Amino acid sequence: MYVIATVDQEALEVLRRGMKVSLTSDLLDYDVSGELVSAVPLLGTDTDPSLSHLVNVRIRPAARSLADLVPGIRFDARIDLGSVGPEAQPLVVTTEAGGG
């Protein structure tokens, strides 16, 4: 099970795989912890994701939280940008134009 959050594509510059995420919902009396695992364009195509400025990021909840989760719960997500170093793998790998 994953939680999907929508972010502006500019956020991808700082988001890294493994960053810790805190999820809150009015339906639960506790926060759900998780981590960022991937990102995909919300709109556009695989060859031209720039057709949209929004991106879905996939968050994997911690295993201990899965028993109480059901599809359709709405969460607010807070991503801890300092939870991994800058050397961690970006959610999206890009290359510079003209780079070799």
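What share of the 100 residues in the protein is buried? I looked this up before anything else, and buried residues come to 31%. A reminder to myself: this is a predicted model.

**Entry 1, the fold.** I went through the secondary structure next. I found five strands and zero helices, so the pattern along the sequence reads β-β-β-β-β. Then I checked how far contacts reach along the chain. Taking contacts between residues at least 6 apart in sequence, I got 69% that join residues at least 24 apart.

**Entry 2, the core.** I turned to the largest nonpolar core, and it has 19 residues. I noted the ones with the most contacts inside it: L15, L23, L36, V57, I59, F75 and L91. Where does this core draw its residues from? β1, β2, β3 (32-41) and β4 each supply at least two of them. My margin note is that in soluble globular proteins, nonpolar side chains tend to be buried together.

I picked L23 for a closer look at its surroundings. Leaving out neighbours within four places in sequence, I listed its contacts as V3, D31, V32, I59, F75, D76 and A77. I59 and F75 also appear among the core residues with the most contacts.

**Entry 3, the loop between β1 and β2.** Two residues here caught my eye, L12 and G18. L12 lies in the loop that runs between β1 (3-8) and β2 (20-24). Is L12 buried or exposed? L12 counts as buried because its relative accessible area is 15%, under the 20% cut-off. Setting aside neighbours within four places, I see L12 in contact with A39, V55, L91 and V92. I also took a distance for one of these partners: L12 and V55 are 43 residues apart in sequence, yet their C-alpha atoms are 8.5 Å apart.

G18 belongs to this loop between β1 and β2 too. G18 has 17% relative accessibility, so I entered it as buried. Its contacts beyond four places in sequence are E35, L36, S83 and V84. For G18 and G85, I wrote down a separation of 67 residues in sequence and 9.9 Å from C-alpha to C-alpha.

**Entry 4, S38 and N56.** S38 sits in strand β3. Its relative accessibility is 19%, and therefore S38 counts as buried. Which residues does S38 touch, apart from those up to four places away in sequence? I found R17, N56, V57, R58 and L91.

N56 was the natural follow-up. N56 is part of strand β4, residues 54-61. N56 is buried as well, because its relative accessibility is 16%. I then looked for side-chain partners of N56, and found a polar contact of 3.0 Å to the side chain of T6.

**Entry 5, the second largest pocket.** T6 led me here, since it is one of the lining residues. The full lining is V3, I4, A5, T6, I73, R74, F75 and A77. What is the volume of this pocket? I have it at about 170 Å³. β1 gives the most to the lining, with four residues. By type, I sorted the lining into six nonpolar residues, one polar and one charged. Going back to my L23 entry, I spotted that V3, F75 and A77 are among the contacts of L23 and also line this pocket.

Key. Residues are numbered from 1 along each chain as its sequence is written. This is a predicted model: local features need pLDDT of at least 70, side-chain atom pairs count only at pLDDT 80 or more; totals for chains, interfaces and linings use all residues. Side-chain values use heavy atoms; hydrogens and water are left out. Buried means under 20% relative accessible area, exposed over 50%, partly exposed in between (1.4 Å probe, protein chains only). A polar contact is a pair of N or O atoms within 3.5 Å; within protein, one must be able to donate a hydrogen and the other to accept it, and residues adjacent in sequence count only if both atoms are side-chain atoms. Contact means heavy atoms within 4.5 Å. A nonpolar core is a set of buried Ala, Val, Leu, Ile, Met, Phe, Trp, Tyr and Cys residues joined through side-chain atoms within 4.5 Å. On a 1 Å grid over the protein atoms alone, a cavity is a set of points where a 1.4 Å probe fits but cannot get out, and a pocket is an open set with protein on both sides within 12 Å along at least five of seven lines; lining residues have an atom within 4 Å of a point. Grid points are joined across faces, edges and corners, and a volume is the space filled by probe spheres set on the points. Ala, Val, Leu, Ile, Met, Phe, Trp, Tyr, Cys and Pro count as nonpolar, Asp, Glu, Lys and Arg as charged, and the others, Gly among them, as polar.
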